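Here are some comments on the model, set out as numbered points for you to follow alongside the coordinates. They begin with a question about one helix pair and then move outwards.

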Amino acid sequence: MMSGIHAMLVHFPIAFWALASLMIIVGALMQGHWAQLAKAGLLPVLILGLLGGIAGMVSGWLVWPADANLYSPLTRNHLLMSFWAFGIYAVVTALVWRYRDLVFEGAFRWAMLVLALMGGLFFAISGTLGGHLAGSPTPFSDLLGAGGWTVYETFYVPDWVLVVILILAVASAVAGFTAKTRS
């Protein structure tokens, strides 16, 4: 029964995050009335997506015991992608909340665009893995397989990727602090 509730609940953050991604694309790449509408409505859509994401993750965690969730590589991958998608949209929400329309100016717009596309990719992967868990695999799994990822094996990030992420995080923090002290 709980897996049915989870399947229903996860459609809300997916829909809101898909809409938010589309709004970010429109806001970043277009000018005029549609871009202004996308920018004006983005924050409420992101907040609703986060609330739906929390409900979806809590209900998903209740479907099976924690030991079962962490034992299956497929479930671990599903959890990993879900948390990454949630994290990305939480950051996007915080940025939009704090900086409003400034997130669509200059280089910031490209960062928002990249975050929206990455978040969309991660929730798409999470959804296809959830479909496998529910017994309804999707053709998207074949695309992941063509990229070298067998969804039934644990997804590992190579150590060099973690080092690059750490270097980029430190460089971004330094750039942010440097820019803040200059303004």
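1. What is the handedness of the crossing of α2 and α5? The crossing of these two helices is left-handed, and it should be read with the reservation that the model is predicted. The axes of α2 and α5 come within 12 Å and cross at roughly 45°, and the two helices are therefore oblique to each other.

2. The residues that make this contact are W17, S21 and I24 on the side of α2, and A85, F86, Y89 and V92 on the side of α5. Sorted by class, the contact of α2 with α5 has 6 nonpolar residues and 1 polar residue, with no charged residues.

3. As for the overall setting, the secondary structure of the chain comes to 8 helices and 0 strands, so that the pattern along the sequence reads α-α-α-α-α-α-α-α. Taken along the principal axes, the C-alpha atoms of the chain fill a box of roughly 50 × 40 × 30 Å.

4. Helix α3, residues 33-63, packs with helix α5, residues 73-99, at an angle of about 155°, and their axes are 10 Å apart. The two helices are therefore roughly antiparallel to each other, an angle over 145 degrees being what counts as such. In passing α5, helix α3 makes a left-handed crossing.

5. Where α3 meets α5, the residues from α3 are L42, L43, L46, I47, L50, G53, I54, M57 and W61, while those from α5 are L79, S82, F83, F86, Y89, A90, V92, T93, V96 and W97. By class, this contact of α3 with α5 has 16 nonpolar and 3 polar residues, and no charged residues. The spacing of such lists can be read against the helical repeat: an α-helix has 3.6 residues a turn, so residues three or four places apart point the same way.

6. Helix α2, residues 11-29, packs with α3 at an angle of about 155°, with the axes 8 Å apart, and that makes α2 roughly antiparallel to α3. The crossing in which α2 passes α3 is left-handed, and the residues of the contact of α2 with α3 divide into 17 nonpolar, 5 polar and 1 charged.

7. The course of α3 itself deserves a comment. The helix has 31 residues and reaches 44 Å from its first C-alpha to its last, which is close to the 45 Å expected at 1.5 Å a residue. There is nevertheless a bend of about 45° in α3 at L42, and a proline, P44, follows within four residues. L42 is also one of the α3 residues that meet α5.

8. For helix α6, residues 106-133, the 28 residues should span 40 Å at 1.5 Å a residue, and the end C-alpha atoms are 42 Å apart, which agrees. Following α6 is G135, whose phi is positive, near 90°.

How values were computed: Residues are numbered from 1 along each chain as its sequence is written. This is a predicted model: local features need pLDDT of at least 70, side-chain atom pairs count only at pLDDT 80 or more; totals for chains, interfaces and linings use all residues. Side-chain values use heavy atoms; hydrogens and water are left out. Axes are lines fitted to C-alpha atoms, for helices over the stretch in contact, and angles run from 0 to 180 degrees between N-to-C directions. Angles under 35 degrees count as roughly parallel, over 145 as roughly antiparallel, 65 to 115 as roughly perpendicular and the rest as oblique. A crossing is left-handed if the near helix is turned anticlockwise from the far one by less than a right angle, and right-handed if clockwise. Contact means heavy atoms within 4.5 Å. Ala, Val, Leu, Ile, Met, Phe, Trp, Tyr, Cys and Pro count as nonpolar, Asp, Glu, Lys and Arg as charged, and the others, Gly among them, as polar. The expected span of a helix is 1.5 Å times one less than its number of residues. The bend at a residue is the angle between axes fitted to the seven residues ending there and the seven starting there.
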